[in-house]
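Colleague: Please take a close look at burial and charge pairing. Define each term as you go.

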Amino acid sequence: MHPTPRPHDLLWGLRPEHLSQEAPAWARAALGRHVPVVVRRASAEPGWVAVGIRGVAREQRHATWMRVNEISRLVSPQAVARSGRWRSHAQPQWPALRALNQLAPRLDALGLAWGVTGSLGFELASGIAAAHPDSDLDLSLRASHQLPRDWARTLCRLLDEAPGRIDLQLETPYGAVALREWASEAPRVLLKTQDGPLLVRDPWQLQQVAA
């Protein structure tokens, strides 16, 4: 039994015949090569999960849904972080990989439930080439309780010491907010929810939605 899928988890088990007739040919071809799908932040009927299929080209992205009981394997961003597979990557000098090598022990030392997402996370989890030398390092951090904004600023400074472009999303119980936005002085921040973006004062309190 797999845990409940969360945004950015990678799932295996969706097959070409599960797609609608309107699905693009490249999406069917990708599933035929056993490419995993990525859990996306969108609503789904009970027993289903919203997912996205990645193609070879950057513009090849197809949104669909998958039955939960068809999931054969699930890899979370946190599992990618725990695996440490980037240490044996063929391109260790890529900025995203250098940043990951630098940040991983420091994030671990802070006891954070962090994970690797984006193209690099996809490649590290699946073994399918997706990242490139200019890829950003995309990270997620599970934050079930409110994090002080001063603490967010301290974490931003830690990220700024690493090479390349780094985007870290805080995953609250209600959605995701960019760490750098939460670290700012803005009175309201953008919270990405399964029902769309919301402007909120507190990403951990949905009743704080701005009018």
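Modeller: A residue is called buried under 20% relative accessible area, exposed over 50%, and partly exposed in between, using a 1.4 Å probe and protein chains only. This is a predicted model: local features need pLDDT of at least 70, side-chain atom pairs count only at pLDDT 80 or more, and totals for chains, interfaces and linings use all residues. Residues are numbered from 1 along each chain as its sequence is written, and side-chain values use heavy atoms, without hydrogens or water.

Take Leu 74 as a test case. Leu 74 counts as buried because its relative accessibility is 18%. Leu 74 sits in strand β5 (residues 73–75). Helices (H or I, at least four residues) and strands (E, at least two) are DSSP runs numbered from the N terminus. Asp 9 is 65 residues away along the chain, yet the two C-alpha atoms are 6.7 Å apart.

Now the charge pairs. A salt bridge puts a side-chain nitrogen of Lys or Arg within 4 Å of a carboxyl oxygen of Asp or Glu. The structure holds 7 of them.

Arg 41 pairs with Glu 171, with the closest N and O atoms 2.9 Å apart. This bridge links distant parts of the chain: Arg 41 lies in the loop between β2 and β3, and Glu 171 in strand β8, 130 residues apart. Arg 41 is partly exposed at 23%, whereas Glu 171 is buried at 14%.

Glu 185 and Arg 153 meet at 3.3 Å, N to O. Glu 185 is in the loop between α6 (179–182) and β10 (189–193), Arg 153 is in helix α5 (residues 149–160), and 32 residues separate them. Glu 185 is exposed at 66%; Arg 153 is partly exposed at 22%. Asp 150 joins these two in a network of salt bridges.

Helix α5 also supplies Asp 160, which is 20 residues from its partner, Arg 180 in helix α6. Their N to O distance is 2.9 Å. Arg 180 is partly exposed, at 38%.

Which side chain of opposite charge is nearest to Asp 202? Arg 149, at 8.7 Å; Asp 202 is buried and has no salt bridge. Here Lys and Arg count as positive, Asp and Glu as negative, and His and the chain ends are left out. Asp 202 is in the segment after β11 (196–200). Its side chain makes a polar contact with the side chain of Gln 146 at 2.9 Å. Such a contact is a pair of N or O atoms within 3.5 Å; within protein, one must be able to donate a hydrogen and the other to accept it, and residues adjacent in sequence count only if both atoms are side-chain atoms. The side chain of Asp 202 also reaches the backbone nitrogen of Trp 204, at 2.9 Å.
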